[in-house]
Amino acid sequence: MDAIEASGLVKTFSSRGDAPPIEAVAGIDLAVREGEIFGFLGPNGAGKSTTVRVFTTLTKPTAGSARVAGLDVVREAQQVRRTIGVALQEAGLDARATGRELLELQARLYGVRGEEPKRRAGELLDLVGLSDAADRRIQTYSGGMKRRVDLATALVHRPKIMFLDEPTSGLDPASRRTMWHEVRRLNKEDGITVFLTTQYLEEADELARRVAIIDQGKIVAQGTPAQLKGSIGADVLTVTVPAPRLKKAEQAVAALKGLKEIRADSRSLTLFIANGSAVVADVVRLMDEARVKVESVTVASPTLDDVFLRATGHRIEGSTQNGEVA
Amino acid sequence: MTSTTTELRAPSVPQAAGVPEPLRNAFHIGVREVRNVLRAPAEFLPGLFIPVFFYFIQVGSLSSFGHRYGILNFKAFIFPIGLLFAASNGGAGLNMVIDIESGYFDKLLVTPVNRLALLIGAMGADAVRIFAQCTIVTVVALAAGLDFKTGAVGVVVLIAMATIWGIVYSAIGFAIALKTGSPAATQSAWVIFFPLIFLTTAFAPLEALSGWLQTAARMNPVTYLLQGMRALTLTGWNGHDIGIAFLAIAGMGALTLTLALRGLLSRVR
């Protein structure tokens, strides 16, 4: 049975004046299996957070349906809230509270009573490594500490399904690794199903068992990272040339043997081609004959960014392979 | 429904007898709000200083002027205005709008917390603050020689009246905070204070006002509130004036609390 399901999910927002409505989510179908980490990968503004807001009952869908643990997010919203743990983008926290106070209040709002909220807060602070900072106000926490306490708030009621909206956005590499470790642990040891949105390719690749790639409100590819990369069925050969010569360069290599597809951006051509290493010399020769100066040539196995490029014609903005924001 | 799906769901929380869950929610939200206010004294100290300052300045500068027009106990005449300064919290809703802006309000909304409890808790905390401010200002004025016509019971009724007014007034700030989510818009609610307080009989009896000012004062519920408050401080137990004052608060409350509820509905929909 699927832990999270969406069918024909649409969310539109009305615009000011005569502008047409904005379709943030444009007909999504997806199914997240119980016990898996599901990566929802896409650039800023692709519709990831809006989808999470629908699943977490913060906004109602315009059309289609969404279910969490078999519960309809509109008709059974209150039960859905009891069932899920949520860490939203930008870690919305009460900066004046201490970590301990924040967790105790969160527990009480889930109906935990008596001394149990104090005990649970202590347990969770220990779990996320914040026991020493438990009685400090959150406004004094670093970005990584805020993310960890936010994650802890999502766990107070021992949910079986968690939504993490860009949980490592803005974190330094070390804090990001710590967060990845924690997400893996929750999934493996506690069996929590995780729906994780990210714009970082490496994060999706590292953490997710299956990935859905979203762009402009639509899912453009879905599968395990290996399946998605394998679907390209070719190497990725990238040739950087002077921008004014890009068209000429594209014409020069168009007839290459084994070429499946060419994508061009402002400075480079990306060739999806069989046996890429063997054709590097041919590419350089063809460019030379066309009098196009080659600045660099690289051959690599496909990445999720290449999957995204092939599906949408553009790369995930602001992301690089090491997960840093460009 | 398969057993697997059932396992994914949260176990139903047993509802213990006693205080209903929404009231518990409101209490916990309120406690958090009070704690946050106490941690930011800069937010409530002006609410104490300004009314006391206003009262003493008015008494010092206008007492003889009041005597000339037959107001023999000018302290009792002007004190209700000072108390309204203390009760009409210009910062109402600001903490809520900070929560909205920071994303913490969404964090609360993904919990099963009763939605109405978010507003009631925040307004309840505001009521505690208003009550404390009004009490302190009254004690200071009494210590400085304010003569109270209706005695100790009158003091209690006056503070209660001012606190209830304060809650009704603060609903304006909460309505704007919830509807707009904008700190600037919420802060601008302060401008409503001036026409409400000053287009009244704040400084002169209704008969002494002329033209549009008298018309505005007649339409302003605060005029009737002041009349009731002055009955308690200046003229003695007058059931009619005190009753009208509570009715004026109720009328204003029906409007502002409706706006606050509509704001909440638009935010949590």
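**Reading a two-chain model, step by step**

Author: A good place to start is chain A, where 40 Å separates the C-alpha centres of domain 1 and domain 2. Please keep in mind that this is a predicted model.

Reader: Thanks! Where do domain 1 and domain 2 of chain A run in the sequence?

Author: The domain assignment puts domain 1 of chain A at 2-228 and domain 2 at 233-301.

Reader: How many helices and strands does chain A have?

Author: Chain A has 11 helices and 14 strands. Its C-alpha atoms fill a box of roughly 80 × 45 × 40 Å along the principal axes. Of its 326 residues, 47% count as buried. Contacts tell you about the fold too: among those in chain A between residues at least 6 apart in sequence, 67% join residues at least 24 apart.

Reader: And what is the secondary structure of chain B?

Author: Chain B has 13 helices and zero strands, so you can read its pattern as one α after another: α-α-α-α-α-α-α-α-α-α-α-α-α. The C-alpha trace of chain B spans about 85 × 35 × 35 Å along its principal axes. Buried residues make up 43% of its 269 residues. For contacts with a separation of 6 or more in chain B, 77% are between residues 24 or more positions apart.

Reader: Now a helix pair, please. At what angle do helix 3 and helix 5 of chain A cross?

Author: Here is the general idea: two packed helices are described by the angle between their axes and the distance between the axes. In chain A, the axes of helix 3 (residues 99-109) and helix 5 (residues 143-153) cross at roughly 20° and come within 9 Å. Angles under 35 degrees count as roughly parallel, and helix 3 and helix 5 of chain A are therefore roughly parallel to each other. Their crossing is right-handed.

Reader: Which residues of helix 3 and helix 5 of chain A meet?

Author: On helix 3 of chain A, look for A:Gly99, A:Leu102, A:Leu103 and A:Gln106; they meet A:Val149, A:Ala152 and A:Thr153 in helix 5 of chain A. By class, this contact has four nonpolar, three polar and no charged residues.

Reader: Is A:Val128 buried or exposed?

Author: Count its neighbours. A residue is buried if 20 or more other C-beta atoms lie within 10 Å of its own. A:Val128 has 21 of them, so it is buried. You will find A:Val128 in the loop between helix 4 (116-127) and helix 5 of chain A. Leaving aside neighbours within four places in sequence, A:Val128 is in contact with A:Arg148, A:Val149, A:Leu151, A:Ala152 and A:Glu182. The C-alpha atoms of A:Val128 and A:Ala152 are separated by 6.8 Å, although these residues are 24 apart along the chain.

Reader: Backbone angles puzzle me. What is phi of A:Thr57?

Author: As background, most residues other than glycine have a negative phi. Phi of A:Thr57 is near 75°, a positive value in a residue other than glycine. A:Thr57 sits in the loop between helix 1 (48-55) and strand 4 (63-68) of chain A. A:Thr57 is buried, with 24 other C-beta atoms within 10 Å. A:Gln216, also not a glycine, has a positive phi of about 50°. The loop holding A:Gln216 lies between strand 9 (210-215) and strand 10 (218-223) of chain A, and A:Gln216 is partly exposed, with 15 other C-beta atoms within 10 Å.

Reader: Back to chain B. How far apart are the axes of helix 3 and helix 7?

Author: In chain B, the axes of helix 3 (residues 41-68) and helix 7 (residues 115-143) are 10 Å apart and pack at an angle of about 30°. Their crossing is right-handed. Among the residues making the contact are B:Phe44 and B:Leu48 of helix 3 of chain B, and B:Ile136 and B:Val140 of helix 7 of chain B. By class, this contact has nine nonpolar, two polar and one charged residues.

Reader: Which residues of helix 5 of chain B are buried?

Author: In helix 5 (residues 94-102) of chain B, the buried residues include B:Met96, B:Val97 and B:Ile100. What covers the buried residues of this helix includes helix 2, helix 6 and helix 7 of chain B. Just after helix 5 of chain B, B:Gly103 takes a positive phi of about 95°.

Reader: Finally, how many residues of chain B are in contact with chain A?

Author: 26 residues of chain B are in contact with 33 residues of chain A. On the chain B side, helix 2 of chain B gives the largest share, five residues. The residues on that side divide into 10 nonpolar, nine polar and seven charged.

Technical notes:
Residues are numbered from 1 along each chain as its sequence is written. Chains are lettered from A and ligands numbered from 1 in the order in which they are written. This is a predicted model: local features need pLDDT of at least 70, side-chain atom pairs count only at pLDDT 80 or more; totals for chains, interfaces and linings use all residues. Helices (H or I, at least four residues) and strands (E, at least two) are DSSP runs, numbered from the N terminus. A residue is buried if 20 or more other C-beta atoms lie within 10 Å of its own, exposed if 12 or fewer, and partly exposed in between; C-beta atoms are placed from the backbone. Two residues are in contact if their C-beta atoms, placed from the backbone, lie within 7 Å. Axes are lines fitted to C-alpha atoms, for helices over the stretch in contact, and angles run from 0 to 180 degrees between N-to-C directions. A crossing is left-handed if the near helix is turned anticlockwise from the far one by less than a right angle, and right-handed if clockwise. Ala, Val, Leu, Ile, Met, Phe, Trp, Tyr, Cys and Pro count as nonpolar, Asp, Glu, Lys and Arg as charged, and the others, Gly among them, as polar. Angles under 35 degrees count as roughly parallel, over 145 as roughly antiparallel, 65 to 115 as roughly perpendicular and the rest as oblique. Domain bounds come from an automatic or database domain assignment.
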